[in-house]
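The exercises below each set a task on the structure shown here, and each is followed by a solution that goes step by step. Work through the coordinates before reading the solutions.

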Amino acid sequence: MANNLLQGKKGIIFGALDDQSIAWKVAERCVEEGAQITLTNAPVAMRFGKIQELGEKLNAEIIPADATSMEDLENLVDKSMEALGGKLDFVLHSIGMSLNVRKNRAYTDLKYDWMQKTFDISAISFHRVMQTLYQKDAMNDYGSILALTYIAAQRTFPDYNEMAESKSLLESFARSFGYHFGIKNKVRVNTISQSPTMTTAGSGIKGFQEFFDYADKMSPLGNAPAEGCADYCVTMFSDLTRSVTMQNLYHDGGFSNMGMSPALIEDKSE
Ligand SMILES: NC(=O)c1ccc[n+]([C@@H]2O[C@H](COP(=O)([O-])OP(=O)(O)OC[C@H]3O[C@@H](n4cnc5c(N)ncnc54)[C@H](O)[C@@H]3O)[C@@H](O)[C@H]2O)c1
């Protein structure tokens, strides 16, 4: 179902690791809609991920960049503009990693040097990306920048651990930088708050399957799939949403506005 919504647009997609990654699906949809893209991920992900396969399929250059390194990000933006033949129209930040979650540390027993790394990888990287784009004047007028987030930024989900604070910070960067980019050249900055999704990052959270099922029942439309998230990203990158900026946009089947779901109570009484 391609509508050429991104015909002639150029962008960078961060975070496609394998075909479960949300960024993988966004990259495929953007190209289907007529965009030209470059793909990027951490150098280490080049070894154990499948990004090369996606690059070949989409005819997209792959430019490795650790999102915590300014040098890598500067190189990425320069090389992307070179490969795509001009300034950029859209950028997707789809990066998340928590060292304390990975090492099973309880929220009441976190290691702070790991917490700082988590914030750097999962949130401050978004500021780094935007600052690099801003200082290099790399975005076309009316461009669109997105990051993916989760509702644990607003509500407490105990097993999400320190990623909750990462997402709060990420969403705040979208609002603050959205102001500066809007004034500079009408570039929009938003976050999309996605349902639980079966990916490498998602399934690293303790009790993920149970939580996935709970959220699915709680949401009147069910959990929003990764493919739907890709469609939403395409809409946000297109010219159809030129006045939407500094927002946290829920793509969650209605979960965020639910209080109680009869579907869960029926389950318990079985
Ligand atoms: N899966 C879910 O349930 C869910 C729900 C809401 C939001 N999100 C968010 O969606 C985004 C994408 O995650 P996903 O679920 O597709 O999982 P994923 O594991 O496929 O993607 C995470 C990506 O982050 C990359 N990354 C990690 N450290 C990096 C670094 N230093 N530099 C550059 N890249 C680095 C990984 O290589 C990987 O490609 C994340 O921000 C995640 O928090 C996921």
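**Exercise 1. Describe how helix H6 packs against helix H7 in this predicted model.**

Solution. Begin with the two quantities that such a description requires, since two packed helices are described by the angle between their axes and the distance between the axes. Here the axes of helix H6 (residues 112–135) and helix H7 (residues 163–185) come within 8 Å, and they cross at roughly 10°. Angles under 35 degrees count as roughly parallel, and H6 and H7 are therefore roughly parallel to each other. Next, identify the residues that make the contact: H6 contributes Thr118, Phe119, Ser122, Ala123, Phe126, His127, Met130 and Tyr134, while H7 contributes Met163, Ser166, Leu169, Leu170, Phe173, Phe177, His180, Phe181 and Lys184. Finally, sort these residues by class, which gives 11 nonpolar, 5 polar and 1 charged residues in the contact of H6 with H7.

**Exercise 2. Characterise the protein chain as a whole, from its secondary structure to its overall dimensions.**

Solution. The secondary structure of the protein chain consists of 11 helices and 7 strands. For the dimensions, the C-alpha trace spans about 60 × 45 × 40 Å along its principal axes. A compact globule of 270 residues would have a radius of gyration near 18 Å, and the value for the protein chain, 18 Å, agrees with this. Of the 270 residues, 44% are buried. Turning to contacts between residues at least 6 apart in sequence, one finds that 73% of them join residues at least 24 apart.

**Exercise 3. Determine which residues and elements form the shell around the ligand.**

Solution. The ligand is surrounded by 26 residues, of which the closest are Ser21, Gly96, Thr199, Ala201 and Gly202. The elements that give two or more residues to this shell are helix H1 (22–32), strand S5 (139–149) and helix H8 (200–203). Among the elements, H8 gives the most, with 3 residues. By class, the shell is made up of 13 nonpolar, 12 polar and 1 charged residues.

**Exercise 4. Compare the surroundings of two loop residues, Met198 and Ala65.**

Solution. Take Met198 first, which lies in the loop between strand S6 (188–194) and H8. With 13 other C-beta atoms within 10 Å, Met198 is partly exposed. Leaving aside residues up to four places away in sequence, Met198 touches Gln20, Ser203 and Phe212. Gln20 is 178 residues away from Met198 in sequence, yet their C-alpha atoms are 7.1 Å apart in space.

Ala65, in turn, is located in the loop between strand S3 (61–62) and helix H4 (70–84). The cut-off for a buried residue is 20 or more other C-beta atoms within 10 Å, and Ala65, with 24 C-beta neighbours inside 10 Å, counts as buried. With the same exclusion of residues up to four places away in sequence, Ala65 touches Thr40, Asp72, Leu73, Asn75 and Leu76. The C-alpha atoms of Ala65 and Ala45, which are 20 residues apart along the chain, are separated by 9.9 Å.

**Exercise 5. Where do Tyr142 and Lys186 lie, and what is the sign of phi in each?**

Solution. As background, most residues other than glycine have a negative phi. Tyr142, found in strand S5, has a positive phi near 65°, and Tyr142 is partly exposed, with 13 other C-beta atoms within 10 Å. Lys186, found in the loop between H7 and S6, also has a positive phi, of about 65°, although it is not a glycine. Lys186 is partly exposed, with 15 other C-beta atoms within 10 Å.

Notes: Residues are numbered from 1 along each chain as its sequence is written. This is a predicted model: local features need pLDDT of at least 70, side-chain atom pairs count only at pLDDT 80 or more; totals for chains, interfaces and linings use all residues. Helices (H or I, at least four residues) and strands (E, at least two) are DSSP runs, numbered from the N terminus. The radius of gyration is taken over C-alpha atoms; the globule rule is 2.2 Å times the number of residues to the power 0.38. A residue is buried if 20 or more other C-beta atoms lie within 10 Å of its own, exposed if 12 or fewer, and partly exposed in between; C-beta atoms are placed from the backbone. Two residues are in contact if their C-beta atoms, placed from the backbone, lie within 7 Å. A residue is near a molecule or strand if its C-beta atom, placed from the backbone, lies within 6 Å of it. Ala, Val, Leu, Ile, Met, Phe, Trp, Tyr, Cys and Pro count as nonpolar, Asp, Glu, Lys and Arg as charged, and the others, Gly among them, as polar. Axes are lines fitted to C-alpha atoms, for helices over the stretch in contact, and angles run from 0 to 180 degrees between N-to-C directions. Angles under 35 degrees count as roughly parallel, over 145 as roughly antiparallel, 65 to 115 as roughly perpendicular and the rest as oblique.
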